[in-house]
Amino acid sequence: MDPEISKPIGRRVILSMGAVGVAGIAYGSKIQSWVGSTLSKVAPNNSLIGLIPGADTFQIYTVAGFPQMSTSQYKLSVNGLVKKELSFTYEELLSFKPTLLTKDFQCVTGWRVPNVHFKGVALKDILSKAGPKNNANYVLFHSFDGVYTESLSIDQAMRFDVIVAYSMLGGPITEEHGGPVRLYVAPMYGYKSIKWLSEITLSSSLQEGYWEQLGYDVNAWIGNSNGRNDRPVD
Ligand SMILES: Nc1nc2c(c(=O)[nH]1)N[C@H]1C(S)=C(S)[C@@H](COP(=O)(O)O)O[C@H]1N2
Ligand SMILES: [Mo]
């Protein structure tokens, strides 16, 4: 069974299954995986653009439902071992110099979506504003789903291809994809790309993320971790 498919599935997802019906939910991960593939075909404008699951589409993953937050409610806190604790509104994130990336998204379970357009703020730009202290060796990320966490070393966090994203797939990040703001860690497996990002905490020691506590590699390089052999993202 796919360990990344987890319950409970949100009511909104069940509703969005439409003609598929809710009966399948009880039968577990296969169906939920199918739901994920199906949901991924819902375009940002909510029009159904297809219903057949494919290998090169996103599966929607969540370990704690689908939390909702409007862009006006949104806040991103940066705290811990920084010279200055900061908090950014959605508008403030938009006012940074944007970083655009078009790169593959690869999940450790095997699916890969080629050439996904992401737009956001380079994490290093945000961290630099707060000013990491000398002993800030790790960066811990929290989701406003209240459960999911992730981590990066400070060196990984300062890479150009790690962004706090507010746009993907050509529009604002949808609720299912972790909107209004998620992380995108291009060179690493998808579990690093925490959805519904709300808080960034710098610390001297590593605190493993949600999946890392369950056995996934802390250093999640695509093609060079988790016993997998995928092509790195270039
Ligand atoms: N908050 C949160 N972020 C998350 C996850 C999750 O369950 N909860 N799943 C991760 C995993 S394993 C992957 S592969 C990607 C999937 O992104 P998607 O749901 O937009 O397809 O989100 C990552 N970020
Ligand atoms: Mo994943």
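## Tour stop one: ligand 1

Select K195 and ligand 1: a polar side-chain atom of K195 lies 2.5 Å from an oxygen atom of ligand 1. Taken alone, ligand 1 exposes 530 Å², and the protein buries 99% of that. Keep in mind that this is a predicted model.

Now add D145 to the selection. An N or O atom in the D145 side chain is 3.0 Å from a nitrogen atom of ligand 1. Go on to S193. Here the backbone supplies the partner: one of its N or O atoms lies 3.0 Å from a nitrogen atom of ligand 1.

Widen the view to the whole site. Ligand 1 is surrounded by 21 residues. Q59, D145, H177, R182 and K195 are the closest. Switch on cavities if your viewer draws them; ligand 1 sits in the largest cavity.

## Stop two: Y191

Select Y191, in the loop between β9 (182-185) and β10. Is Y191 buried or exposed? Y191 is buried, because its relative accessible area is 4%, below the 20% cut-off.

Show the side chains around Y191. Its side chain makes a polar contact with the side chain of N226, at 2.9 Å. Beyond its neighbours within four places in sequence, Y191 also touches other residues, among them V108, Y148, E150, W211 and Y216. Next, pick C107. Its C-alpha is 7.0 Å from that of Y191, though 84 residues separate the two along the chain.

## Stop three: S203 in β10

Follow strand β10, residues 197-203, to S203. S203 is buried, with a relative accessible area of 12%. Which residues does S203 touch, leaving out those up to four places away in sequence? They are L81, N135, A136, N137 and Y138.

## Stop four: α4 and the residue after it

Select helix α4, residues 123-130. Colour its buried residues: L123, D125, I126, L127 and A130. Then step just past α4 to G131, which takes a positive phi of about 75°.

## Last stop: K83

Stay with G131 and show its contact with K83. K83 is found in the loop between β1 (75-80) and β2 (86-89). Is K83 buried or exposed? K83 is exposed, because its relative accessible area is 65%, over the 50% cut-off.

Not counting residues up to four places away in sequence, K83 touches A130, G131, P132 and K133. Finish by drawing a C-alpha to C-alpha distance from K83 to P132: 6.3 Å in space, for residues 49 apart in sequence.

Definitions and conventions. Residues numbered from 1 in each chain as written. Chains lettered and ligands numbered in written order. Predicted model: local features only at pLDDT ≥ 70, side-chain atom pairs only at ≥ 80, totals over all residues. Heavy atoms only, no water. Helix = DSSP H or I, 4+ residues; strand = E, 2+ residues; numbered from the N terminus. Buried < 20%, exposed > 50% of the residue type's maximum accessible area, 1.4 Å probe, protein only. Contact = heavy atoms within 4.5 Å. Near = heavy atom within 4 Å. Polar contact = N/O pair within 3.5 Å; in protein donor to acceptor, adjacent residues only side chain to side chain. Areas by Shrake-Rupley, 256 points an atom, 1.4 Å probe, with all protein chains shown as cover. 1 Å grid on protein atoms, 1.4 Å probe; cavity = no way out; pocket = protein on both sides within 12 Å on 5 of 7 lines; lining within 4 Å. Sits in = over half its atoms within 2 Å of the grid points.
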